Amino acid sequence: MIMNFLYVFWDFLLISSEWIVISLILSGIIHAFVRPQVLQKSIGNKKISSLIKTTISGAILPICSCGVLPLALSLYRTGAYLGPTLSFLVSTPIINPAAIIVAFAMLGKEITIIYILCGIFLPLIIGILGNTFGGKELIAPEVLKLQSMNIKIPETNYVDKTPWYKKLYNGILWGFNNLGIEISRFILIGTLFGAVLLTVVPQSFVMQYLSNPKLVSILGITLVGCMMYVCALGHIPLIAALISAGASPGIAITFLITGVATNISELISIYKLIGKRTLIIYLVSMLFFGILIGYITNILLTDNFTPIFDLSNSSKQIEIANNINITFPDWFKNICAIAVLFMGLYSWFVIIVKKIKLIVSREKEVQC
């Protein structure tokens, strides 16, 4: 069981770490070259146009749910409102060009059309909910602090003469030293919890449940989606095989939404780094709309739906999708996993040392 736990834990890290590292680099670039005033003016508001911008930008990035978190948090802390942040957080893992092509090849045009509509409108809806019910979390505390200080830099007179390579270095350094260390400790906890869960409830048991279409329900697939750690492309063949075995088409849509956008690491990070209100808005919305859209899909398609899963007919589309999708060599994945593991362990080490010092200092005060 211990070996199985370690294997599952490392497998989880391999899946997410490559995109976490890339997202930290992109966050550092944003921190270095995008001035907060520009970002606040663009998406630091409740306008629908801001939600559309972040939805489109998120949809073209082939990043998983944990990988997108550092980037979304960077936007939020630089000046984006909660609504655009959630739109970006939802659209990025759910849908991307490669996933659309694979879905069309393996699930058919009907499910793919519903999938695309979900990828467009669901982030906008959740973004509106975030802007409406965000409360104190509508704007990041760091941004509110700057606004309260009334810091303004003249747009025309201010010229930053720092060389671009120094900006790039300092930005990437900030991405790993600040954002990376802060996020990694929560990702590590979520990964540990997910590995324990799948060790206690083996993935073979989950797959046995999925292999029986009569047992699979929309509610059941939602729970399975929250348990399993899957990327935007990795879950589509699984769903295609399930539907070809007799499961309803609504199962596909529900899993396409909840399977890639709700995992334990991401949910813990949202709760700790943004707040409880944001977690409730995000999780309840994703589960509610995932189940609702799956139910509506069953009403629309069940009677006339015919599975098209056939690898011989789908090979060309899958090849195109693989060419679009970015894949990394194993050595890069392992380096990224080690980096995330190190940042997470270092973060917890610093916290533990601070708490020990605090306890020691209090004991000395009591003795005095």
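With which residue does E142 form a salt bridge, and how far apart are the closest N and O atoms? The partner of E142 is R77, and the closest N and O atoms of the two are 3.4 Å apart. The structure is a predicted model, and its single chain of 368 residues is described below, beginning with the overall make-up and then turning to the core, the surface, the charged pairs and three serines.

**The chain as a whole**

- The secondary structure of the chain comes to 17 helices, while the number of strands is zero.
- Of the 368 residues in the chain, 48% count as buried, a label that applies to residues with under 20% relative accessible area.
- When contacts between residues at least 6 apart in sequence are considered, 86% of them join residues that are at least 24 apart.
- The accessible surface of the chain amounts to about 18,500 Å², and carbon and sulfur atoms account for 68% of that surface.

**The nonpolar core**

- The largest nonpolar core contains 89 residues, and those with the most contacts inside it are I94, L107, I111, I253, Y282 and M286.
- Helix 1 gives the most to this core, contributing eleven residues, and this helix covers residues 2–33.
- I253 can serve as an example of a core residue and its surroundings: apart from neighbours within four places in sequence, I253 is in contact with I111, I114, Y115, C118, I293, G294 and T297.
- One of these contacts, I111, is itself listed with I253 among the residues that have the most contacts inside the core.

**A nonpolar patch on the surface**

- A nonpolar surface patch of about 810 Å² is made by I280, V284, F288, L292, Y295, I296, I299 and L300.
- Within this patch, I296 has its place in helix 15, which covers residues 276–301.
- I296 has a relative accessible area of 40% and is therefore partly exposed, since this class lies between the buried limit of 20% and the exposed limit of 50%.

**Salt bridges that share an arginine**

- The structure holds two salt bridges, and R77, E142 and E182 are linked in a network of such bridges.
- In the pair of E142 and R77, the closest N and O atoms are 3.4 Å apart; E142 lies in helix 8 (residues 141–149) and R77 in helix 4 (residues 65–78), so that the pair links distant parts of the chain, 65 residues apart.
- The side chains of R77 and E182 also meet in a salt bridge, with a distance of 2.6 Å from N to O; this pair, too, links distant parts of the chain, with R77 in helix 4 and E182 in helix 9 (residues 164–200), 105 residues apart.
- The three residues of the network are each partly exposed, with a relative accessible area of 36% for E142, 24% for R77 and 21% for E182.

**Three buried serines**

- S17 lies in helix 1, and because its relative accessibility is 0%, S17 counts as buried.
- The side chain of S17 reaches the backbone oxygen of L13 at 2.6 Å, and, with neighbours within four places in sequence left aside, S17 is in contact with C336, A337 and V340.
- S27 also has its place in helix 1, and at 0% relative accessibility S27 counts as buried.
- The side chain of S27 reaches the backbone oxygen of P70 at 3.2 Å, and P70 is one of the residues in contact with S27, together with L71, S74, W174 and L179, once neighbours within four places in sequence are left aside.
- S87 is placed in helix 5, which covers residues 82–94, and a relative accessibility of 0% means that S87 counts as buried.
- A polar atom of the side chain of S87 lies 2.8 Å from the backbone oxygen of P123, and, not counting residues up to four places away in sequence, S87 touches L51, T54, T55, P123, L124 and G127.
- The C-alpha atoms of S87 and S50 are separated by 9.3 Å, although the two residues are 37 residues apart along the chain.

Conventions: Residues are numbered from 1 along each chain as its sequence is written. This is a predicted model: local features need pLDDT of at least 70, side-chain atom pairs count only at pLDDT 80 or more; totals for chains, interfaces and linings use all residues. Side-chain values use heavy atoms; hydrogens and water are left out. Helices (H or I, at least four residues) and strands (E, at least two) are DSSP runs, numbered from the N terminus. Buried means under 20% relative accessible area, exposed over 50%, partly exposed in between (1.4 Å probe, protein chains only). A polar contact is a pair of N or O atoms within 3.5 Å; within protein, one must be able to donate a hydrogen and the other to accept it, and residues adjacent in sequence count only if both atoms are side-chain atoms. Contact means heavy atoms within 4.5 Å. A nonpolar core is a set of buried Ala, Val, Leu, Ile, Met, Phe, Trp, Tyr and Cys residues joined through side-chain atoms within 4.5 Å. Patches are made of residues with over 30% relative accessible area and no salt bridge: like charges are joined within 9 Å, nonpolar side chains (Val, Leu, Ile, Met, Phe, Trp, Tyr) within 5 Å. Accessible areas come from the Shrake-Rupley method with a 1.4 Å probe; for residues, only the protein chains shown count as cover. A salt bridge is a side-chain nitrogen of Lys or Arg within 4 Å of a carboxyl oxygen of Asp or Glu.
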